Amino acid sequence: MGFDIVFSILAALFAVLWVFDSLGWVPRFGKKSVDGEPIVHPDGQGLGIVHSYNKKQRRKYASFFAGGFVFCIVVLCASYLFGQWFTTGAAFGDSMVPTLTNSDRFLVNNWSYDLQLPGSEKKFRVGNPKLGDVVSFRYPVEPDKYVLKRVVAGPGDTISYFGKILFVNGKPAPQKYQGVYQAGETPFIQDKYRETLGDIEHSIILRRGAPTNVVQFPTHNAPGFCKYHSGGVECVIPQDQYFVVGDNRDISADSRHWGFVPRELLEGRAFVKWPQGHPFHVEWINTDDGTNTVKASTEEKEKGK
């Protein structure tokens, strides 16, 4: 039984008891009147019921039922607002490693970019994604599927991906080498870099020896805005569209392959996560403590500068 159903039943029960108590239909099992004589109130009127409470006792019962009802309603309203404001999800796959690993839980702020009134499908724009935001959106190829990627370019921008480096409006996104990334069993050597996009720094993974070419999917939603070359791809972002990529660059299927994310498909910004196996360990997305990284001891490489 769901959380909201339980509290709805409790709220209804408290409401019924509150009404019944007000009507005097709830049995009293407290202090009896002396020798079976009716309790006489200051106004001189006797209740004539042996098991009746006095006024103070009646108020105590009524306050309990009313308080329980109000508490349940407050919990239900808070739960509803939380569901409207935030969405929880779980990472599926490794396309966002090292930011999110497979099965990590995350929280999405649904009001980061749009405000939607309860019971209405209409949305009011309150902001737009910034470079580096990790966003949840409906996959343009399959709109009933939700995907998590990082925004690297917006409307009017020119984005290029050559030699495994992002260029936004002709400027490379700096990548600072952090070391070899080690997580799980893989036959490949993976290097970890710290990349800067706008005001946001985040970690990415590049696989040594992986090809630099980018394959265009047949399902690309705006092929006329992109040019594919042997070493990468260059795109001009249309109005109200966004270019997104995964942090695990060599295994992520993203805007480099299938095109852009329309503004209306954005659901919100992911901002906190619970790493797999650590439900009470909350981290801000884009933070990095160097876990699973072997630092380079004699060499530090920098790309994109």
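**Exercise 1. In which strand does L115 lie, and which surface patch does L115 help to make?**

This is a predicted model, in which local features need pLDDT of at least 70, side-chain atom pairs count only at pLDDT 80 or more, and totals for chains, interfaces and linings use all residues. Residues are numbered from 1 along each chain as its sequence is written, and side-chain values use heavy atoms, with hydrogens and water left out.

Step 1. L115 lies in strand β3, residues 114–116. Strands (E, at least two residues) and helices (H or I, at least four) are DSSP runs numbered from the N terminus.

Step 2. L115 has a relative accessible area of 31% and is partly exposed. Buried means under 20%, exposed over 50%, and partly exposed in between (1.4 Å probe, protein chains only).

Step 3. Together with F124 and V126, L115 makes a nonpolar surface patch of about 240 Å². Patch residues have over 30% relative accessible area and no salt bridge; nonpolar side chains (Val, Leu, Ile, Met, Phe, Trp, Tyr) are joined within 5 Å, like charges within 9 Å. The areas come from the Shrake-Rupley method with a 1.4 Å probe, and for residues only the protein chains shown count as cover.

**Exercise 2. Work out the order of the five-strand open sheet and the contacts of β7.**

Step 1. The order is β9-β8-β7-β14-β13, with antiparallel pairing. Two strands pair if DSSP finds at least two bridges between them. The edges are β9 (171–172) and β13 (226–229), each pairing on one side only.

Step 2. Strand β7 (residues 158–162) is joined to β14 (residues 232–236) by five bridges; F162 has G232 as its bridge partner in β14.

Step 3. Four bridges join β7 to β8 (residues 165–168), where F167 stands opposite S160. The two strands form a hairpin with two residues between them, and G163 in the turn has a positive phi of about 60 degrees.

**Exercise 3. Which parts of the chain do the salt bridges of R125, D247 and E195 link?**

Step 1. The whole structure holds ten salt bridges, each a side-chain nitrogen of Lys or Arg within 4 Å of a carboxyl oxygen of Asp or Glu.

Step 2. R125 meets D240 at 3.5 Å, N to O. R125 is in strand β4 (residues 123–125) and D240 in the loop between β14 and β15, 115 residues apart. R125 is partly exposed at 48%, as is D240 at 29%.

Step 3. D247 and R150 have their closest N and O atoms 2.8 Å apart. This pair links the loop between β15 and α3 to strand β6 (residues 146–153), 97 residues apart. Both residues are buried.

Step 4. E195 and R249 meet at 2.7 Å, N to O. E195 is in strand β11 (residues 190–197) and R249 in the loop between β15 and α3, so the pair ties together parts 54 residues apart in sequence. E195 is buried at 0%, and R249 at 2%.

**Exercise 4. How is the aromatic pair of F243 and F260 arranged?**

Step 1. The structure holds six aromatic pairs. Rings of Phe, Tyr and Trp (its six-membered ring) pair if their centres lie within 6.5 Å; planes under 30 degrees apart count as stacked, over 60 as edge-to-face and the rest as tilted.

Step 2. F243 and F260 are 6.2 Å apart centre to centre, with 55 degrees between the planes, hence tilted.

Step 3. F243 is buried at 1%, and F260 at 0%.
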